[in-house]
Amino acid sequence: MESPLEGAHSGEAGAWPRLILRELKLSWRFTGGDSTSAVVPAMLFLGAACAHARLPVGELLGTLGQGALYFWLFAYVFCLSNQLVGLEEDRLNKPHRPLVSGEASVRGTRWRLGVCAGLFALVGWGFGVWRWALLWLLITVLHNEGGGARRWWAKNLSIAVGVVSQLAAAWELAAPLTPAVWRWIGVLACVVFCLVSLQDLRDLEGDRASGRKTFPLVFGERRTRYVLAGLFGLLPAVIHQVLMMPLGLTPAVVAFDAGLALLSWVIAARVVGWRTPAADHRTYLLFTYWYCLALLSTFILL
């Protein structure tokens, strides 16, 4: 049975440093593709919370360090669980992932998942965000082992609630949650629920082979593309009215409003005009960049 402790015998000089380095590299192989949706946005929102709270330098560095550990575990736990249950789909859609390529075994990955889930719960408790840590663990179980990922509405709902658990924890690591913060979290969670089916366009063959009922497979690829294009086209109006207008038309608000609108319209054009799996992957990455830009704006706008 492979485990992260394999080969780390007490009499073996340098075994532990090599083990740690190998595990860090492997964790990147598991999570790297999700960093722009799981880790970077959370750290941006945490940074905004630190700026809002005006933390002194020492406390700021400590809080950012806590966030880096927490959200690395946040992403790692989900990716380990997701890739364990999605092994056959990854053989078709993502053959570069560690379980498919043979870099990690199923037993070793299960071992890592158990350790990381336990660490994540302990870290969440120690950092005072245990509610959001437990919520994320529940979402992970329901989405992956519970079969939520196999139905489009359950998958989208799980990811949207995951946004709440992600952003609420990020802010609460540094500052109390306020109604204004909750408005941003709620709007972004709703946006993700409506638009995250964009990611399913790149995985049609694997999802079809595995029997998943994703939005494009239930309603048709062509219809899905036009629905998503319409929603992305309307998104700037929603963001402007709900998030930007209450802040007043300052130069910063106008700049971020315009940047988010431009990205939304580029995505709307791409989703109907570029229809290969590689192009759909790049289009989805643009959506993760939109999400990151929205959170970057909170440094100034919240």
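# Close-up views

**View 1. At a relative accessibility of 23%, E172 counts as partly exposed in this predicted model.** The value lies between the limits, because a residue is called buried under 20% and exposed over 50%. E172 forms a salt bridge with R131, and the closest N and O atoms of this pair are 2.9 Å apart. Since E172 belongs to helix α9 and R131 to helix α8, the pair ties together parts that are 41 residues apart in sequence. R131 is partly exposed as well, with a relative accessible area of 42%. A search of the whole structure finds 9 salt bridges, and further examples appear in the views that follow.

**View 2. The side chains of R225 and D280 meet in a salt bridge, with 2.8 Å from N to O.** This pair links distant parts of the chain, for R225 is in helix α13 (residues 221–244) and D280 is in helix α15, 55 residues apart. How large is the relative accessibility of R225, and is R225 buried or exposed? The value is 0%, so R225 counts as buried, and D280, with a relative accessible area of 1%, is buried too.

**View 3. R22, E23 and R112 are linked in a network of salt bridges.** Within this group, the side chains of E23 and R112 meet in a salt bridge of 2.8 Å, taken from N to O. Because E23 lies in helix α1 while R112 lies in helix α7, their pairing ties together parts that are 89 residues apart in sequence. Both E23 and R112 are buried, whereas R22, whose relative accessible area is 37%, is partly exposed. R22 lies in helix α1, and its side chain makes a polar contact with the side chain of E23 at 3.1 Å. For orientation along the chain, the C-alpha atoms of R22 and Q66 are separated by 22 Å, although these two residues stand 44 residues apart along the chain.

**View 4. Helix α7 (residues 106–126) has 21 residues, which at 1.5 Å a residue should span 30 Å, and its end C-alpha atoms are indeed 30 Å apart.** Which residues of α7 are buried? They are G108, T109, R112, L113, C116, F120, V123 and G124. These residues cover an arc of only 135° around the axis, which means that they lie on the same side of α7. On the other side of the helix, R107, R110, L122, W125 and G126 are exposed. The buried residues of α7 pack against α1 (15–31), α4 (57–85), α6 and α8 (130–145). Just after α7 comes G128, which takes a positive phi of about 80°.

**View 5. F120 is among the residues that touch the most other members of the largest nonpolar core, which has 78 residues.** The others named with F120 in this respect are Y70, L198, I239, F287 and W290. Helix α4 gives the most to this core, with 10 residues. Leaving aside neighbours within four places in sequence, F120 is in contact with Y70, L73, F74, V77, A133, W136 and L137. In soluble globular proteins, nonpolar side chains tend to be buried together.

**View 6. Helix α3 (residues 40–53) has 14 residues and reaches 20 Å from its first C-alpha to its last, close to the 20 Å expected at 1.5 Å a residue.** Its buried residues are P41, A42, L44, F45, L46, G47, A48, A49 and C50. What covers these buried residues includes α2 (35–38), α4, α9 (152–172), α10 (179–195) and α15 (277–301). After α3 the chain continues with R54, whose phi is positive, near 50°.

**View 7. R97 sits in the loop between α5 (87–93) and α6 (98–101).** Is R97 buried or exposed? With a relative accessibility of 12%, R97 counts as buried, because the limit for that word is under 20%. When its neighbours within four places in sequence are left aside, R97 is in contact with D34, N82, Q83 and D90.

Technical notes: Residues are numbered from 1 along each chain as its sequence is written. This is a predicted model: local features need pLDDT of at least 70, side-chain atom pairs count only at pLDDT 80 or more; totals for chains, interfaces and linings use all residues. Side-chain values use heavy atoms; hydrogens and water are left out. Helices (H or I, at least four residues) and strands (E, at least two) are DSSP runs, numbered from the N terminus. Buried means under 20% relative accessible area, exposed over 50%, partly exposed in between (1.4 Å probe, protein chains only). Contact means heavy atoms within 4.5 Å. The expected span of a helix is 1.5 Å times one less than its number of residues. The arc is that of the directions from the helix axis to the C-beta atoms. A nonpolar core is a set of buried Ala, Val, Leu, Ile, Met, Phe, Trp, Tyr and Cys residues joined through side-chain atoms within 4.5 Å. A polar contact is a pair of N or O atoms within 3.5 Å; within protein, one must be able to donate a hydrogen and the other to accept it, and residues adjacent in sequence count only if both atoms are side-chain atoms. A salt bridge is a side-chain nitrogen of Lys or Arg within 4 Å of a carboxyl oxygen of Asp or Glu.
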